[in-house]
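These are my notes from going through one structure, entry by entry. I wrote down what I looked up and what I found.

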Amino acid sequence: MKKHKLTLSLLEFNSIDELNDDDRTLLLKAKEAAQNAYAPYSKFKVGAAVRLANGMIIIGNNQENAVYPVGLCAERVALFSAQAQYPDQPVVALAVTAIGSDNKVSQPVPPCGSCRQAMVEAESRHKKPLRVIMQGEEGPIIISEKMDNLMPLTFAEDFLSRYTDFE
Ligand code: THU
């Protein structure tokens with residue numbers, strides 16, 4: 001038996017003022033987007049913003065539905081919209097934040113597993129590391145510089161292509 005210990009690294013900042021201009025702008029766009037979320041069921045409004053290699057920013061927010069599983073998270077709304085409009089532009093960063101209804105969100109908002117898988121696909125599709133910036137309404141900001149930090153042992157295209165004849 002072998003035990004493998006994996007290391008991951010995350011950056012933590014105390015305030016948005018400590019971020020570089022690109023990260024701060026992206027996080028502010030995500031905060032703006034959160035206000036327009038459609039979240040009548042959970043009342044948890046999530047906002048996301050995606051930066052493309054050409055500098056464009058595309059926003060998304062959670063879109064809920066009376067049939068609960070039909071709804072989609074803010075991150076995937078932003079990511080899919082960005083890739084639908086600019087399929088050849090690598091996605092270089094994604095910021096995510098949320099607004100609570102009862103209490104202020106004071107911790108970084110962690111993307112769900114499905115969104116992480118979608119982000120891994122964006123990274124493997126464009127062969128570029130995806131930077132993820134997370135914050136609540138207040139409190140610390142966590143930055144992951146590549147998806148490996150948020151989702152190790154990934155199932156991605158390079159794994160699949162090893163065992164199938166797809167190119
Ligand atoms: N949600 C997101 O949009 N992104 C996340 O990272 C976590 C959860 C949404 C889904 C649902 O509309 C609400 O937040 C509560 O789960």
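**Entry 1: a strand pair.** I started with V132 and looked up its bridge partner in β6, which is S144. The model is a predicted one, so I read each value below as computed from that prediction. β6 covers residues 141-144, and three bridges join this strand to β5. The two strands run antiparallel.

I then listed the contacts of V132, leaving aside neighbours within four places in sequence. The list holds L94, P111, M119, I142, I143, S144, M147 and L150. S144 therefore turns up both as a contact and as the bridge partner of V132.

**Entry 2: the whole sheet.** Next I looked up the strand order. The sheet is open and has six strands, in the order β1-β6-β5-β4-β2-β3. The pairing is mixed. As a reminder to myself, strands of a sheet pair through backbone hydrogen bonds, either parallel or antiparallel.

Which strands stand at the edges? They are β1 (11-13) and β3 (57-61). Each has a single partner strand, so one side of each is left without a neighbour in the sheet. From one strand to the next, the twist averages 15°.

I also checked what packs on the sheet. Helix α1, residues 21-35, does so and touches β2, β3, β4, β5 and β6. The direction of α1 makes about 140° with that of β2.

**Entry 3: the hairpin.** I went to the β3 edge of the sheet. β2 and β3 pair over five bridges, in the antiparallel sense. G47 stands opposite N61 in β3. Four residues lie between the strands of this hairpin, and G55 takes a positive phi near 95° there.

**Entry 4: the cores.** I looked for the largest nonpolar core and found one of 28 residues. Those with the most contacts inside this core are V50, L79, M119, L130, V132 and M147. V132 from my first entry is thus back on the page.

Which elements supply at least two residues each? They are β2 (45-52), α2 (74-85), β4 (91-99), α3 (113-126) and β5 (131-134). α3 gives the most, with five residues. A second core is separate from this one and has twelve residues, including I16, L26, A49 and I141.

**Entry 5: the ligand.** I listed what surrounds the ligand: S42, F44, V46, N62, E64, C73, A74, E75, P110, P111 and C112. P111 is also among the contacts of V132.

I then noted three distances to oxygen atoms of the ligand. A polar side-chain atom of E75 lies 2.5 Å from a ligand oxygen. For A74, a polar backbone atom is 2.9 Å from one. For N62, a polar side-chain atom lies 3.0 Å from one.

**Entry 6: N62.** I gave N62 an entry of its own. N62 is found in the loop between β3 and α2. Is N62 buried or exposed? Its relative accessible area is 7%, so N62 counts as buried, the limit being under 20%.

The side chain of N62 reaches the backbone nitrogen of V46 at 2.9 Å. Apart from neighbours within four places in sequence, N62 is in contact with A37, Y38, A39, S42, F44, K45, V46, L72, C73 and A74.

**Entry 7: positive phi outside glycine.** I looked up two residues here. K43 has phi near 55°, a positive value in a residue other than glycine. K43 is in the loop between α1 and β2 and is partly exposed, at 47% relative accessible area.

L153 also has phi near 55°. L153 is in the loop between β6 and α4 (157-163). At a relative accessible area of 78%, L153 is exposed.

I compared L153 with E121, which is in helix α3 and counts as partly exposed at 42% relative accessibility. E121 and L153 are 32 residues apart in sequence, and their C-alpha atoms are 13 Å apart in space.

**Entry 8: P129.** Last, I looked up P129, in the loop between α3 and β5. P129 and V92 are 37 residues apart in sequence and 6.6 Å apart in space, C-alpha to C-alpha. Not counting residues up to four places away in sequence, P129 touches V91, V92, E123, E145 and K146.

Methods. Residues are numbered from 1 along each chain as its sequence is written. This is a predicted model: local features need pLDDT of at least 70, side-chain atom pairs count only at pLDDT 80 or more; totals for chains, interfaces and linings use all residues. Side-chain values use heavy atoms; hydrogens and water are left out. A nonpolar core is a set of buried Ala, Val, Leu, Ile, Met, Phe, Trp, Tyr and Cys residues joined through side-chain atoms within 4.5 Å. Buried means under 20% relative accessible area, exposed over 50%, partly exposed in between (1.4 Å probe, protein chains only). Contact means heavy atoms within 4.5 Å. Two strands pair if DSSP finds at least two bridges between them. Axes are lines fitted to C-alpha atoms, for helices over the stretch in contact, and angles run from 0 to 180 degrees between N-to-C directions. A residue is near a molecule or strand if one of its heavy atoms lies within 4 Å of it. A polar contact is a pair of N or O atoms within 3.5 Å; within protein, one must be able to donate a hydrogen and the other to accept it, and residues adjacent in sequence count only if both atoms are side-chain atoms.
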